[in-house]
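This note is addressed to a colleague who is meeting this structure for the first time. Please read the numbered points with the structure open alongside.

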Amino acid sequence: MVEYELRMLISTLRLNIRKPTYILSHTALILTCLFIGYSFALAPEYFLLGGYPQVLDESEAIALDMLTMPLAFLLLYTVLQGLFDQGLRSYISQPDFSILVLTPVNSRCIVTAKCVRNLASRLFLVVLAFLVLTPISLKLSTPPFLLATAILSLTLYIEFLQAVSFAIRSISDAFRSKLSPRARKYVKIIALTLSVIVSLSIILSEYHAIEFWTRALTEGTEACWALLPSSLTASLVLGFMLGKAEAVYPSLPCLIGFLVGALAFMYAFSGPYHPEEFAPRPFTHGLRSPFGFRIGKFIEKCLNWEKHSLIIFLKDLQLSLRGALIDFSLLDFTLMYAVPLASWYLLESFMPVQTVPDLEAKLGPLRAFVKELVLLFALLPFIPSLTSFSREMGRIWLLKVFPIQNRAVAYGKFLFALTISTASLAPMVLVAVLVFQIPPSEWVICMILPLILLIANSFGVLVGAYLPPYDLGNHMSLKSIITFFVFLIIVLTPFTYIALVQDNVSRVILLALLALYSALSARFFLGQAGKGFEKLELREILPHKAETGDIEPDDELKENL
Amino acid sequence: MLEYAIETADLTKSFGSHVAVDGLNLQVEHGSIHSLLGPNGAGKTTILNMLSGVVKPTKGSARILGYDVIKESEKAKALIGYLPEQPAIYEILTVREFLSLVSRAYAVPKGTLERRIDEYLEWFDLKRFEQTFCGALSHGLKQRVVVCSVLIHEPRVILLDEPFYGLDPASGRLFKEFLRVRVKEGGTILVSTHVLEVVERFCDRVTIINSGRVVASGSLEELKVKAGVEEDKTLEDAFLALTRRRKESQERLP
């Protein structure tokens, strides 16, 4: 099975390298990595710590913390994704799984083979790590052994993240499949309550000096922190940068141990699966009238359904609310915010940011903006507007046959995305303002968030209409890369100016200009999105051609075959 | 009054280098049940998709009751009821909510909306499922819900792609009766199906499509004459003769 999957991987690669878009996106990625590597090596003055690399010797602990932080975030993100991604289902639900699982091949072998394929497909990242680290190595004249170790450690860490993600998915799937509907309900309630308690205790501890976290975070916690794979990888990379070989021997075997452990967990819990496990879950009798139904009815009565864009908006809202209440989405959503908030708070309390000398002072008026930006970046992958049309899947025909203007459909989708992103970001920002004690003088900067959301969501709808199916999980696709860079240019760049302005009058003027810019851009994007929706065809939005019903020959496929 | 309810002129649809529908000129008379017949991949579904607005034609034009499906798409769509071959619906809407969504999108008057939903639920024996999620229904029941959604705004032109697939005999008969009543009231139906028996019993006129082109069009009797088969032969014989002849002439082309 492993051989079959690897062959499939090679075939996919062969097909992909004929696509100009694939070549373009990967070339862009390679050039970006080279640029980063050479920037670090040749222009050290732009590095946050002046006097690099000498300063690293002087403040090794700070440098280690600075490196550990992003890697730890990556670990946290992976764990969250693993936990909240509806288990192994999303990964294994591939077109061939239902066929493979009916063959005499052991299901566990299939799962393992799929995972091996996935791990192998990530090896491109090794090349990227090589491109970043080699210029630095040349500049620092580090021994090749240390360069190899640094690349190996990054590779091991990435593989570990993959493996741990699958392991968590396997475990959570095994756990969830054992839960009765009633138990699932209780789990949701408990987790939601815990999330609220955590958020409240964070806020209270900030204002009333409960010192809850200080007591909890003892030296033992810090020792555990140092043993995390992210910290081990950071120490290995730092060892490479400082030319110190002593960190290699304890850290590298530990990292290998973590990877082996994650793979073992993945294998142990992948278990024998039946195709039924991966089929869409049928709705049971007990779900006939859930809470979401009543919410839907309430919305239907309260709001005007006559306007076309509102029909689309309310439909999406109703479906989202109900979907969230039926499965674990709402729980995932809440935890997805509660956990990073807690982590962000901990980061502020005792972790690396505090140890960077005069960071707060240096940030000055940028402080609120930087923090908001971090929150915004945390939200970016979840911007619902990008999948506005892809989410419809085969149901897009309904929107197409409705006698509704294409522009109205785009507006409806935009309204929904704006509502969801505002509703999800607003509490986060409010809590952040309280937790980080952002002074009222800096609140004016918070005004840019609604504008960013306005322009970001309209842009997302445009991308969603022109580039379906949009897969939020595939960060390496050309669509994701282009979207991200264009987003940076047209959305974030104009907004960075406001943070650089010192006096409030200029800020207000700039805000007014940005509001105008946002309104005009949103109008333009949505107009174009309507045109994109008009051109959008059913076969484009479906991930598998067979679902269209009318199977048209795929020219590219024919050519490739 | 317009002569034809559906009229296409040089209607073409290409997917890359593949031409799915090639310069189609089709006329469907008012108050008739017209069938599209053709082998797999002939382009029948693409024709219906273009007429309903799901797919944009590459070339040519199409009119529904005088409205251009591209330039006046909203007006044309408001008059159409389209049933695709494999309709996907919102699984976490209840049956009533789904019908309500469709009705509102088609601007069914607020005063009559609930009453009309009730009527259709009664007619198609779906009343007991009205608060059930569409996703919890069996395939046949889902098909009945979609049929209701196609008829609920009382369209003047109905486009059907393999409409009786998945329906039990009773529901199938009920649906056919509904369609006949709608035709008597002046409605027009264009149906694509592979079931020749349905065409023989149900349709007034037939257009045979092959490789995206019209092979022959007319009443059942006219088709038999065009195919050169005897009168006592079935539509199947005429269909096979016409499509075979077309294939042979295509093969002779350089």
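1. Helix packing is discussed below in terms of axes, which are lines fitted to C-alpha atoms over the stretch in contact, with angles running from 0 to 180 degrees between N-to-C directions. In chain A, helix α25 (residues 448-466) and helix α27 (residues 504-535) have axes that come within 8 Å and cross at roughly 15 degrees. Angles under 35 degrees count as roughly parallel, and α25(A) and α27(A) are therefore roughly parallel to each other. The crossing in which α25(A) passes α27(A) is left-handed. On the α25(A) side the contact includes A:Ile448, A:Leu451, A:Ile455, A:Phe459 and A:Leu462. On the α27(A) side, the residues involved include A:Leu511, A:Leu514, A:Ser518, A:Phe525 and A:Phe533.

2. The model is predicted, and its confidence values should be considered with the geometry. For the complex, the predictor gives an ipTM of 0.86 and a pTM of 0.72. Chain A has a mean pLDDT of 68, with 49% of its residues at 70 or more. For chain B the mean pLDDT is 86, and 95% of the residues reach 70 or more.

3. Confidence also varies along each chain. In chain A, the lowest mean, 33, belongs to helix α29 (residues 555-560), and the highest, 88, to helix α22 (residues 396-401). Residues 46-53 of chain A stay under a pLDDT of 50, and the model has nine contacts for them beyond four places in sequence. Residues 350-354 of chain A are likewise below 50, with twelve contacts in the model beyond near neighbours in sequence. Where pLDDT is low, the predicted coordinates should not be read in detail. In chain B, helix α9 (residues 235-252) has the lowest mean, 69, while strand β8 (residues 157-161) has the highest, 93.

4. The secondary structure of the two chains should be stated at the outset of any description. Chain A has 29 helices and zero strands, whereas chain B has nine helices and eleven strands. Of the 561 residues of chain A, 34% count as buried; of the 254 residues of chain B, 48% do. In chain A, 83% of the contacts between residues at least 6 apart in sequence join residues at least 24 apart. The corresponding share in chain B is 66%.

5. What radius of gyration does chain B have, against that of a compact globule with 254 residues? The value for chain B is 19 Å, which agrees with the figure near 18 Å for such a globule. Along the principal axes, the C-alpha atoms of chain B fill a box of roughly 60 × 40 × 35 Å.

6. Helix α3 (residues 95-105) of chain B merits attention. Nine of its eleven residues are buried, so α3(B) is largely enclosed by the rest of the structure. Among the buried residues are B:Val95, B:Phe98, B:Leu99 and B:Val102, together with B:Glu97 and B:Arg104. After α3(B) comes B:Ala107, which has a positive phi, near 55 degrees.

7. One packing partner of α3(B) is helix α5 (residues 139-151) of chain B; the two axes are 9 Å apart, at an angle of about 25 degrees. That angle makes α3(B) roughly parallel to α5(B). The crossing of these two helices is right-handed. B:Val95, B:Phe98, B:Leu99 and B:Val102 of α3(B) meet B:Val145, B:Cys148 and B:Ser149 of α5(B). An α-helix has 3.6 residues a turn, so residues three or four places apart point the same way.

8. α3(B) also packs against helix α4 (residues 110-123) of chain B, where the axes come within 10 Å and cross at roughly 130 degrees. The two helices are therefore oblique to each other. α3(B) passes α4(B) in a right-handed crossing. The contact is formed by B:Arg96, B:Leu99, B:Ser100 and B:Ser103 of α3(B), with B:Leu113, B:Arg116, B:Ile117 and B:Tyr120 of α4(B). B:Leu99 thus appears in the contact with α5(B) and in the contact with α4(B).

9. Finally, is B:Val195 buried or partly exposed? B:Val195 has 16 C-beta neighbours inside 10 Å and therefore counts as partly exposed; a buried residue would need 20 or more. B:Val195 sits in the loop between β9 (188-192) and α7 (196-202) of chain B. Its C-alpha atom is separated by 11 Å from that of B:Gly38, although the two residues are 157 residues apart along the chain.

Technical notes: Residues numbered from 1 in each chain as written. Chains lettered and ligands numbered in written order. Predicted model: local features only at pLDDT ≥ 70, side-chain atom pairs only at ≥ 80, totals over all residues. Helix = DSSP H or I, 4+ residues; strand = E, 2+ residues; numbered from the N terminus. Rg over C-alpha atoms; globule rule 2.2 N^0.38 Å. Buried ≥ 20, exposed ≤ 12 C-beta atoms within 10 Å, placed from the backbone. Contact = placed C-beta atoms within 7 Å. pLDDT = per-residue confidence, 0-100. Parallel < 35°, antiparallel > 145°, perpendicular 65-115°, else oblique. Left-handed = near helix turned anticlockwise from the far one by under 90°.
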